[in-house]
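Colleague: Please pick one helix in this model and walk me through it closely. Tell me what packs around it, and go slowly with the terms.

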Amino acid sequence: MKLRPFRMALALLLAAPLPVFAAPDATSSAVPAPLHPALWKITRGGTTIWLFGTIHMLPAGANWLTGPVAQAVDSADEVATEINDPGGDATCTALAARALLPPGQHLSALLPEAERAALAERLARFGLSADRLDPDKPWYAAVALSTLPVLRRGYDARNGVEAGLTAREAGRTVQHTGIETPEGQLAILDGLPQASQLAYLKNVIDDFDKIDGEIDAMVTAWGKGDAATLARIMNEDEGKDDPLLIERLILARNRGFAAWIAQRLDKPGTVFMAIGAGHLAGTGSVQQVLAKSGISAVRVQ
């Protein structure tokens with residue numbers, strides 16, 4: 001049962017925000033080059049849905065809200081994102097209910113000695129104590145561990161796509177819709193059997209040093225609008241992944257997003273729909289699900 005750590009990063013960078021560790025303040029005097037992430041357009045009658053893949057955490061100054069993407073955002077009377085929790089209160093509440101092991105239980109007791117030592121070594125690199133994650137369930141420990149290299153590189157939700165959309169729409173009357181809920185998203189991971197959660201954590205520990213390279217490859221492909229490369233990265237070694245986790249974390253949600261689009265097409269208006277970029281690439285993507293229902297998503301950038 002294999003889950004490459006970049007798939008954990010997808011849950012963070014390409015999907016929903018999870019408050020784990022605080023990001024360091026990062027500034028840069030460099031003027032970033034414009035990025036050109038992929039954008040699709042779906043139309044029916046008086047309805048237009050712009051379909052855009054998000055990166056939730058980005059480095060400071062990431063220059064993605066330009067050109068056709070900016071025009072699409074400005075044309076929308078509704079912005080739909082995975083969740084609508086701008087203050088993070090609902091997410092924190094859901095985490096408080098789901099992230100911790102029952103009283104008296106400890107993560108260290110669930111791990112073999114070699115894994116405990118390896119986890120402690122990874123945490124020590126960031127100045128964290130060996131017991132920093134001991135109260136947490138394995139799935140949350142895996143999420144937390146996989147964020148550390150991302151935060152070290154200056155990635156921050158304050159620079160992410162959702163934050164950029166919120167700032168862009170300030171002062172304009174726009175409906176903001178959450179397609180999912182924080183509780184529902186966390187329930188996906190929390191509902192996994194403990195054996196799957198432990199395998200998840202083990203693979204993040206084992207492949208910890210590969211996360212930087214995989215994140216760089218994904219974000220570079222996203223910024224270039226290179227959906228084919230993003231799909232290749234996602235599908236590489238797919239047969240080794242835990243099928244239960246891939247079904248719950250990606251494929252079932254893709255079907256849910258497609259169903260939301262199909263229903264929303266019955267209501268006039270212009271929607272900018274921003275969901276994790278991992279849902280718009282690879283086998284079983286939202287576009288593939290839509291195509292099976294006769295709904296075409298046309299690439300415009």
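Modeller: What follows is a close look at helix H7 and its surroundings.

This is a predicted model, so local features need pLDDT of at least 70 and side-chain atom pairs count only at pLDDT 80 or more, while totals for chains, interfaces and linings use all residues. Residues are numbered from 1 along each chain as its sequence is written, and side-chain values use heavy atoms, with hydrogens and water left out.

Start with the whole chain. It has 13 helices and six strands. Helices (H or I, at least four residues) and strands (E, at least two) are DSSP runs, numbered from the N terminus. Of the 301 residues, 53% are buried. Buried means under 20% relative accessible area, exposed over 50%, and partly exposed in between (1.4 Å probe, protein chains only).

Now H7. It spans residues 161-169. Val161, Glu162, Gly164, Leu165 and Glu169 are its buried residues. Seen down the helix axis, they fall within an arc of 160 degrees, so they line one face of H7. The arc is that of the directions from the helix axis to the C-beta atoms. Just after the helix, Gly171 takes a positive phi of about 85 degrees.

What covers that buried set? The cover includes strands S2 (47-54), S3 (78-81) and S5 (269-276), along with helices H2 (67-75) and H10 (211-223).

Phe272 gives a detailed view. Beyond its neighbours within four places in sequence, its contacts (heavy atoms within 4.5 Å) include Leu165, Trp50, Phe52, Val73 and Val79.

Phe272 also belongs to the largest nonpolar core, which has 50 residues. Such a core is a set of buried Ala, Val, Leu, Ile, Met, Phe, Trp, Tyr and Cys residues joined through side-chain atoms within 4.5 Å. Phe52, Trp64, Leu145 and Phe272 touch the most other members. Helix H6 (residues 138-152) gives the most to this core, with seven residues. A second, separate core of 20 residues includes Trp260, Met273, Ile275 and Val286.

Finally, follow the cover outwards from H7. S2 and H10 are part of that cover. Each also supplies at least two residues to the lining of the second largest cavity, as does helix H11 (227-235). That lining has 14 residues, with Ala38, Trp40, Trp222, Leu230 and Ala277 nearest the centre. On a 1 Å grid over the protein atoms alone, a cavity is a set of points where a 1.4 Å probe fits but cannot get out; lining residues have an atom within 4 Å of a point.

Definitions and conventions:
1 Å grid on protein atoms, 1.4 Å probe; cavity = no way out; pocket = protein on both sides within 12 Å on 5 of 7 lines; lining within 4 Å.
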